[in-house]
Amino acid sequence: GNEVYYGNKHSRIGGLLSKDFTQGYGPEVYLLPEAPAGMYHVKAKYYASHQASRATGTTSAVIWTFVNLGTCHSTVMDFRTVRLASHSEMMEVLR
């Protein structure tokens with residue numbers, strides 16, 4: 001695998017990260033149109049704080065995943081939220 005972030009927007013398997021929204025809450029989106037078969041580990045990493053996270057001490061990442069979206073097969077959707085509290089903290093959110 002590889003880490004996708006504002007400085008490395010393309011994954012080796014064809015995924016792309018959206019624009020890096022530094023003046024607000026995003027959303028930043030990672031899209032992998034045709035995922036190769038295999039096991040995936042999805043992680044969220046705390047890069048920097050903004051005004052609201054300085055007040056609360058944490059920042060949130062909301063992760064939506066879809067399987068078979070836009071196909072004739074049944075779509076599977078998953079929604080998760082994680083809270084990250086310290087600079088460079090990384091948390092696995094989906095396996």
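Where in the protein does Thr75 lie?

## The S4–S5 loop

Thr75 is located in the loop between S4 and S5. The model in which this position is described is a predicted one. With a relative accessibility of 39%, Thr75 counts as partly exposed, since the partly exposed class runs from the 20% limit for buried residues to the 50% limit for exposed ones. Leaving aside residues up to four places away in sequence, Thr75 touches Phe66, Val67, Asn68 and Leu69. Two of these partners, Phe66 and Leu69, also appear in the nonpolar surface patch described below.

## Overall architecture

The secondary structure of the protein consists of one helix and six strands. Along the sequence, these elements are arranged in the pattern β-β-β-α-β-β-β.

The protein has 95 residues, of which 15% count as buried. Its accessible surface is about 7300 Å², and carbon and sulfur atoms account for 56% of that area. Among the contacts with a separation of 6 or more, 37% are between residues 24 or more positions apart.

## The nonpolar core

The largest nonpolar core has eight residues: Ala44, Tyr46, Ala61, Ile63, Val82, Leu84, Val93 and Leu94. At least two residues of this core come from each of strand S4 (59–67), strand S5 (76–84) and strand S6 (90–94).

Leu84, a member of this core, lies in strand S5. Its relative accessibility is 2%, so Leu84 falls under the 20% limit and counts as buried. When residues up to four places away in sequence are not counted, Leu84 touches Ala44, Lys45, Tyr46, Thr58, Thr59, Glu89 and Met91. Of these, Ala44 and Tyr46 are also listed in the core. The C-alpha atoms of Leu84 and Lys45 are 7.6 Å apart, although the two residues are separated by 39 residues along the chain.

## The nonpolar surface patch

Which residues form a nonpolar patch on the surface? The patch is made up of Val62, Trp64, Phe66, Leu69, Met77 and Phe79, which together have about 640 Å² of accessible area. S4 and S5 each supply at least two of its residues, and S4 gives the most, with three.

Met77, one of the patch residues, is found in strand S5. Its relative accessibility of 44% places Met77 in the partly exposed class. Strands S4 and S5 thus appear in both settings: each supplies at least two residues of the largest core, and each supplies at least two residues of the surface patch.

## Salt bridges

How many salt bridges does the count give? The count comes to three. In one of them, the side chains of Lys45 and Glu3 meet at 3.7 Å, N to O. This pair links distant parts of the chain, with Lys45 in strand S3 (residues 42–45) and Glu3 in the segment before S1, 42 residues apart. Lys45 is partly exposed, with a relative accessible area of 30%, and Glu3 is likewise partly exposed, at 36%. Lys45 is also among the residues that Leu84 touches.

Asp78 forms another salt bridge with Arg80, in which the closest N and O atoms are 2.4 Å apart. Asp78 has a relative accessible area of 24% and is partly exposed; Arg80, with 35%, is partly exposed as well. A further salt bridge joins Glu92 and Arg95, with the closest N and O atoms 3.0 Å apart. Here Glu92 counts as partly exposed at 36% relative accessibility, whereas Arg95 is exposed, with a relative accessible area of 64%.

## A buried polar residue before S1

Is Ser11, in the segment before strand S1 (16–17), buried or exposed? Ser11 counts as buried because its relative accessibility is 9%, which is under the 20% limit.

The side chain of Ser11 is joined to that of Tyr30 by a polar contact of 2.7 Å. Not counting residues up to four places away in sequence, Ser11 touches Asn2, Val4 and Tyr30. Tyr30 is therefore both a contact partner of Ser11 and its partner in a side-chain polar contact.

Note on methods. Residues are numbered from 1 along each chain as its sequence is written. This is a predicted model: local features need pLDDT of at least 70, side-chain atom pairs count only at pLDDT 80 or more; totals for chains, interfaces and linings use all residues. Side-chain values use heavy atoms; hydrogens and water are left out. A nonpolar core is a set of buried Ala, Val, Leu, Ile, Met, Phe, Trp, Tyr and Cys residues joined through side-chain atoms within 4.5 Å. Buried means under 20% relative accessible area, exposed over 50%, partly exposed in between (1.4 Å probe, protein chains only). Helices (H or I, at least four residues) and strands (E, at least two) are DSSP runs, numbered from the N terminus. Contact means heavy atoms within 4.5 Å. Accessible areas come from the Shrake-Rupley method with a 1.4 Å probe; for residues, only the protein chains shown count as cover. A polar contact is a pair of N or O atoms within 3.5 Å; within protein, one must be able to donate a hydrogen and the other to accept it, and residues adjacent in sequence count only if both atoms are side-chain atoms. Patches are made of residues with over 30% relative accessible area and no salt bridge: like charges are joined within 9 Å, nonpolar side chains (Val, Leu, Ile, Met, Phe, Trp, Tyr) within 5 Å. A salt bridge is a side-chain nitrogen of Lys or Arg within 4 Å of a carboxyl oxygen of Asp or Glu.
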